[in-house]
Amino acid sequence: LRDNRIELVRASWHELSISVSDVSLSDEGQYTCSLFTMPVKTSKAFLTVLGVPEKPQITGFTSPVMEGERMQLTCKTSGSKPAADIRWFKNDKEVKDVKYLKEEDANRKTFTVSSTLDFLADRSDDGAVVSCRVDHESLNSTPQIAMQVLEIHYTPLVKIISSNSWPEEGQSIILTCESKGKPVPEPVLWTKDGGELPDPERMVVNGRVLSISFLNKTDNGTYRCEAKNPIGRNSTEYVLIVHDVFNTLLPTTVIPSLTTATVTTTVALTTSTTTSATVINTRDPNALAGQTGPDHALIGGIVAVVVFVTLCSIILLGRYLARHKGTYLTNEAKGAEDAPDADTAIINAEGSQVNAEEKKEYFI
């Protein structure tokens, strides 16, 4: 070996060592060590040189890209031996659906590797970082990476936000038109029912904000917000319905602070039964006029029920007394129907003088 890059490291009867600096692909091959004895003895070893891939480059990106256009990004690296591996990432998330191509270089020892990422541009890709990563055993676990930041232009996205979900007459409302696009949309345009705003004194536009004061029923309608940029325009609508003012005042009818209805019914049977119904409705005399008052329909219903229960109780009591009296007379007359004379009737009748005390009935 006669090369300035080759140095003799150690030479003895037992060992001969050399070093090769600035290794190149031409250094790859079979090396032989010979011991000049009789006969000559030799030992051989094959040296493999790895080709380090060049730093990758991303091509095919032209800024800006319109939303919906097809993008083809190509990552390419040369000089790898064996062929390097290329992987794509978008915001640190690997993209699998890519094309891979390997070509042999002119020296027939190294390879040029390329990979193509093909996708449709979307507004969600704006600002995304696309990276191409090259892995190879010669890089000692430190891959080479090329990055490209995407710039996607798209039409505005418009949304209206209301400050009042239940607008009433006399109140005010603020409608905010949020528009997002690239390039940034121009100042928005507000219209009502397809025409200009009818009352500029109450309907004030400040940038993207529409303020309407002292609402009334004439303000009902469809409000449209339109935004545009060089890519296109977009709009959205908001239907405004002004509601009547909810009347929270109490009626002028004077309601007693305490209303009580009590009904007590007593019926004399074998045992006494008492039914009592009491309804009490109390209202705070210090309650403000704006607070909720008593429910008059509920009070009227309760009074009607009490009157009905009273009438039913009176009817039942009257019928019971009438039937009780008839039963008493029948009991006294039992045994007298078949008696030939009065003395026999008295003797045969139930409840004779002997058991008179035991058969007494009391009416309470």
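**Pocket, disulfides and salt bridges of a predicted model**

Me: Which strand supplies the largest share of the lining of the largest pocket, 4 residues?

Reply: Strand 2 (16-20) and strand 3 (29-35) each give at least two residues to this lining; strands are DSSP runs of E of at least two residues and helices runs of H or I of at least four, numbered from the N terminus. A pocket is an open set of points on a 1 Å grid over the protein atoms alone where a 1.4 Å probe fits, with protein on both sides within 12 Å along at least five of seven lines, and lining residues have an atom within 4 Å of a point. The largest share, 4 residues, comes from strand 3.

Me: What kind of model is this?

Reply: Residues are numbered from 1 along each chain as its sequence is written, and side-chain values use heavy atoms, with hydrogens and water left out. Local features need pLDDT of at least 70, side-chain atom pairs count only at pLDDT 80 or more, and totals for chains, interfaces and linings use all residues, the model being predicted.

Me: How many residues of the lining of the largest pocket are nonpolar?

Reply: The lining consists of L1, I6, L16, S17, I18, Y31, T32, C33, S34 and F36. Ala, Val, Leu, Ile, Met, Phe, Trp, Tyr, Cys and Pro count as nonpolar, Asp, Glu, Lys and Arg as charged, and the others, Gly among them, as polar. No lining residue is charged and 3 are polar, while the nonpolar residues number 7.

Me: How much space lies in the largest pocket?

Reply: Its volume is the space filled by probe spheres set on the grid points, which are joined across faces, edges and corners. The resulting value is about 340 Å³.

Me: What pattern do the disulfides follow?

Reply: The structure holds 2 disulfides, each a pair of cysteine sulfur atoms within 2.5 Å. One joins C75 to C132, with sulfur atoms 1.6 Å apart, and the other joins C177 to C225, with 1.7 Å from S to S. With bonded cysteines counted along the chain, the pattern is 1-2, 3-4.

Me: Why do C75 and C132 tie together separate parts of the chain, and how many residues apart are these parts in sequence?

Reply: These two cysteines form a disulfide, and both C75 and C132 are buried (under 20% relative accessible area with a 1.4 Å probe and protein chains only; exposed is over 50%, partly exposed in between). C75 lies in strand 7 (residues 70-80) and C132 in strand 12 (residues 129-135), so the parts tied together are apart in sequence by 57 residues.

Me: What is the handedness of the link of C177 and C225?

Reply: C177 is in strand 15 (residues 173-182) and C225 in strand 19 (residues 221-229), distant parts of the chain 48 residues apart. C177 and C225 are both buried. The torsion about their S-S bond is -75°, and the link is left-handed.

Me: Is K81, which forms a salt bridge with E28, buried or exposed?

Reply: A salt bridge is a side-chain nitrogen of Lys or Arg within 4 Å of a carboxyl oxygen of Asp or Glu, and the count comes to 20. The closest N and O atoms of K81 and E28 are 2.7 Å apart. K81 lies in the loop between strand 7 and strand 8 and E28 in the loop between strand 2 and strand 3, so the pair ties together parts 53 residues apart in sequence. E28 is partly exposed at 27% relative accessibility, whereas K81, at 14%, counts as buried.

Me: Which residues do salt bridges that share partners join into one network?

Reply: The side chains of D135 and R133 meet in a salt bridge at 3.2 Å, N to O. D135 is partly exposed at 22% relative accessibility, and R133 is partly exposed at 27%. The network joins R87, E94, K96, R133 and D135.

Me: What is the omega of the peptide bond from K182 to P183?

Reply: Most peptide bonds are trans. P183 is found in the loop between strand 15 and strand 16 (189-192). The bond from K182 to P183 is cis, with omega near 0°.

Me: What phi does R108 have?

Reply: R108 lies in the loop between strand 10 (99-104) and strand 11 (111-120). At 64% relative accessibility, R108 counts as exposed. Although R108 is not a glycine, its phi is positive, at about 60°.

Me: Which residues does UniProt list for "transmembrane region"?

Reply: Over residues 297-317 the chain is 100% helix and 0% strand, with end C-alpha atoms 30 Å apart. UniProt positions follow the numbering used here, with shortened feature names, and annotations may be inferred rather than shown by experiment. The unreviewed UniProt entry lists, for "transmembrane region", residues 297-317.
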